[in-house]
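Subject: The two-chain model, handed over

Hi,

Here is the structure I promised to pass on to you. Have a look at it first, and then read my notes below.

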Amino acid sequence: MTSSLMLLTMTLLLGFIYPLATTGLAYLLFPRQASGSLIYRDGRVVGSELIGQKFTDPRYFHGRPSAAGEGYDASASGGSNLGPTNKKLLETIAERLAVVREENGLSTNEAVPADLVTCSASGLDPHISPEAALIQVPRIARARGVPEEKIRQLVEQHIEGRQFGFLGEPVVNVLKLNLALDALR
Amino acid sequence: MSFDLLQMGSYLAVLLLLAVPLGYYMARVFSGERTLLDPILKRLERAFYRVARVDVTKEMGWREYALSLLVFSFLGMLTVYLIQRLQGILPFNPEHFGAVRPDLAFNTAVSFVTNTNWQAYAGERTMSYFTQMAALTVQNFLSAATGIAVALALTRGFTRRETGFLGNFWVDITRTTLWVLLPLSLILALVLVSQGVIQNLSPYLKITTLEGKEQILAMGPVASQEAIKLLGTNGGGFFNANSAHPYENPTPFTNLLEMLAIQIIPAALPITFGRLVGDRRQGLVILAAMFLLFVLGLTIVYASEYYGNPLIKALGVSSPTTMEGKEVRFGLAQSSLFATITTAVACGAVNSMHDSFTPFAGLILLLQMMVGEVVFGGAGAGLFGMLVFVLLTVFIVGLMVGRTPEYLGKKIEAREMKMVTLAVLIPGAAILLGSAVAAVTKIGTFSLSNPGPHGLSEILYAFSSGAANNGSAFAGLNSNTPFYNITLGIAMLVGRFGVILPVLAVAGSLAAKKTIPPGPGTFQTTTPFSFFCSL
């Protein structure tokens, strides 16, 4: 008797009052974050600054390969889960390397940043490393007919340093950078 | 690399700094002393007891304590199971998810009630908001509170003398929930939202990307569940990608907070223990032993990841080469740290995919779970697990010098040792039997995604994770099959209650004993020598 009544009251408090109160407070204090940190352009949602998007157009910076659904499926997050010595992983990386080198006109002895050829854990990683962005500058300059220097400056402006100066890694948010590209004129 | 060391070092410093006050606070809560939150919570607590008809003054012997715990856990399992089966007709289901398959619902129910939170399902594709809140979030709280209650009961076994009573299970879980878990969760949830973790009840959002493709953003009440998922060392993610998902863990700062949230209660409990048994050093010795083993594990994991994957490097990839299954914003340091914490603490949340870790790092993660997760360990479960090992040590050392072994003034005799041995061996047996069956049957090996020896590691990891109530995975193993759902479910039950019951029995028989004053021949459990022996 006590067991079931206890479970019932606990469920009421922890399963309804707690999450609903948190939702209320979250909307009151941080409405933008609570609803997904969405980015608007011309009054329309074009994405979330936290969720990566699939980019294949040479005129845009490309993000990381993704194992979420068909790629960047934000309703099916996940990684590849391929082991470190798995042949399939090594072959896939080799294929991706060839593509990255060809798209960006790199020679075979130039090393490519790992994040451009490996899947993230979530499959929705919104970031790439600054090196991975810089490597793509000449391609984008060519595709858009804009001087390389201008694109490079844009990348530099979009490098976000470590949080509070020491946490995490320096990153570039791909969606934000591409929005800035579109805004260039 | 220097930034990496700075991050890991500062994390450990902050952890210890916060663990001490929390440990003292919990000691006050559990011994019924006054705290700051009393004006609000006292009233709520009394209301709880009135509704649930709890007689606060009633003390329970170990059998009654264990029975209450078992009945409560079983009812919890039944509720979680039924909510999943009925979610199609329940509210808060904007994506119209249907009933969860019976074997998966069973696995999930067991998993959350045993504080394992093995995830055989993909949250954003399977569970309605109702299920996430009323079933999963609730058990995140209650399974943690139950673990802490058992640790408390064992502590009372040492502090009480010549009584059969261990306290009141209902009071223990109520106070743990109201004074410790709930306030910490509420604060953490709001800080997480401020950094970008979502918290809403909206339907999934369909958007058009910059390149004109459709993308569906999964939504939900994430922050409220994220907070207790970590604080309660549960680990079952709202989303499939768990704490790697940017909506669960958007920034390096949230990552730091989430790591702290996982480890803070397990690190504070030894301090609470020392305080409750009236000998602070006893708690510090346990904490120091845990800490040393932890730093050792972390060093190996990080070094192995930093050294990288020579096979990938050979293809012409620049360092760090081990970014498969990791997020750029976390990098190697925050990923290695998180992985070491989550396997040491029995949490099972992940911010990177362990299956893709370098072999040596994967080995350490596996090892940490196999030793029963006493290196901090789950909420409460870590402390009582470590105490079991301490008793074992004291007994062996006692035999070597030919004295009746004692710990904290209690003689350790045959009956206690039998129970301790059971508690140590039962999870191991579950890992061994489960993995053996899975490895030699077609139905077991069918689910592997990586061939060869790594495939065996996936199976071994799954059963270790289940029996040790961890819940993290070498997720390449497709475990959402009736075979794995049921066998892993059983492993989780055995690993949880096969330890809790003997521990409560030990607590009961210790409480009934006299406390003897330490004599000249007593083995001092706070000396460096005994510290070394426990290790």
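A word on naming before anything else: helices (H or I, at least four residues) and strands (E, at least two) are DSSP runs, numbered from the N terminus. With that in hand, B:Pro320 can be placed in the loop between S3 and helix H12 (331-344) of chain B. Please keep in mind throughout that this is a predicted model.

I start with that loop. The peptide bond leading from B:Ser319 into B:Pro320 is cis, and its omega is near -5°. Just before it in the sequence comes a link between the chains: strand S3 (residues 317-318) of chain B pairs with strand S3 (residues 112-113) of chain A, in the parallel sense and over two bridges. Within that pairing, B:Ser318 is the bridge partner of A:Pro113.

**Where the chains meet**

The strand pairing is one part of the contact between the chains. On the chain B side 108 residues take part, and they touch 99 residues of chain A. Together the two chains bury about 8000 Å², and 67% of this is on carbon and sulfur atoms. Which three residues supply more of the area that chain B buries against chain A than any other three? They are B:Leu210, B:Glu324 and B:Val328, with 10% of that area.

Polar contacts are also there: 39 residue pairs between chain B and chain A, counting pairs with both residues at pLDDT 80 or more. Helix H7 (residues 169-195) of chain B gives the largest share of the side that touches chain A, with 13 residues. Sorted by class, that side of chain B has 59 nonpolar, 37 polar and twelve charged residues.

**Salt bridges**

Side chains of opposite charge can pair when their charged atoms come close. Between chain B and chain A the count is two salt bridges. In one of these, the side chains of B:Arg329 and A:Asp125 meet at 3.9 Å, N to O. Over all chains, the structure holds 25 salt bridges. One inside chain B may interest you: B:Glu45 and B:Arg175, with their closest N and O atoms 3.3 Å apart. This pair links distant parts of the chain, as B:Glu45 sits in helix H2 (residues 38-52) and B:Arg175 in helix H7, 130 residues apart.

**Chain A on its own**

Chain A is divided into domain 1 (1-35) and domain 2 (37-183). The C-alpha centres of these two domains lie 37 Å apart.

At the start of domain 2 you will find a hairpin, made by S1(A) and S2(A) with two residues between them. The two strands pair in the antiparallel sense over four bridges, and A:Ile39 stands opposite A:Gly47 of S2(A). A:Asp42 lies in the loop between strand S1 (38-41) and strand S2 (44-48). Its phi is near 50°, a positive value in a residue other than glycine.

Further along, three strands of chain A form an open sheet with antiparallel pairing, in the order S4-S6-S5. Strand S4 (127-128) and strand S5 (159-160) are at the edges with a single partner strand each, so one side of each is left without a neighbour in the sheet. S5(A) is joined by two bridges to strand S6 (residues 171-173), and these two run antiparallel. In this pair, A:Val172 is the bridge partner of A:Ile159.

Happy to go through any of this with you.

Best wishes

Notes: Residues numbered from 1 in each chain as written. Chains lettered and ligands numbered in written order. Predicted model: local features only at pLDDT ≥ 70, side-chain atom pairs only at ≥ 80, totals over all residues. Heavy atoms only, no water. Domains from an automatic or database assignment. Contact = heavy atoms within 4.5 Å. Buried area = accessible area lost by both parts, 1.4 Å probe. Salt bridge = Lys/Arg side-chain N within 4 Å of Asp/Glu carboxyl O. Polar contact = N/O pair within 3.5 Å; in protein donor to acceptor, adjacent residues only side chain to side chain. Nonpolar A, V, L, I, M, F, W, Y, C, P; charged D, E, K, R; others polar. Pairing = 2+ DSSP bridges.
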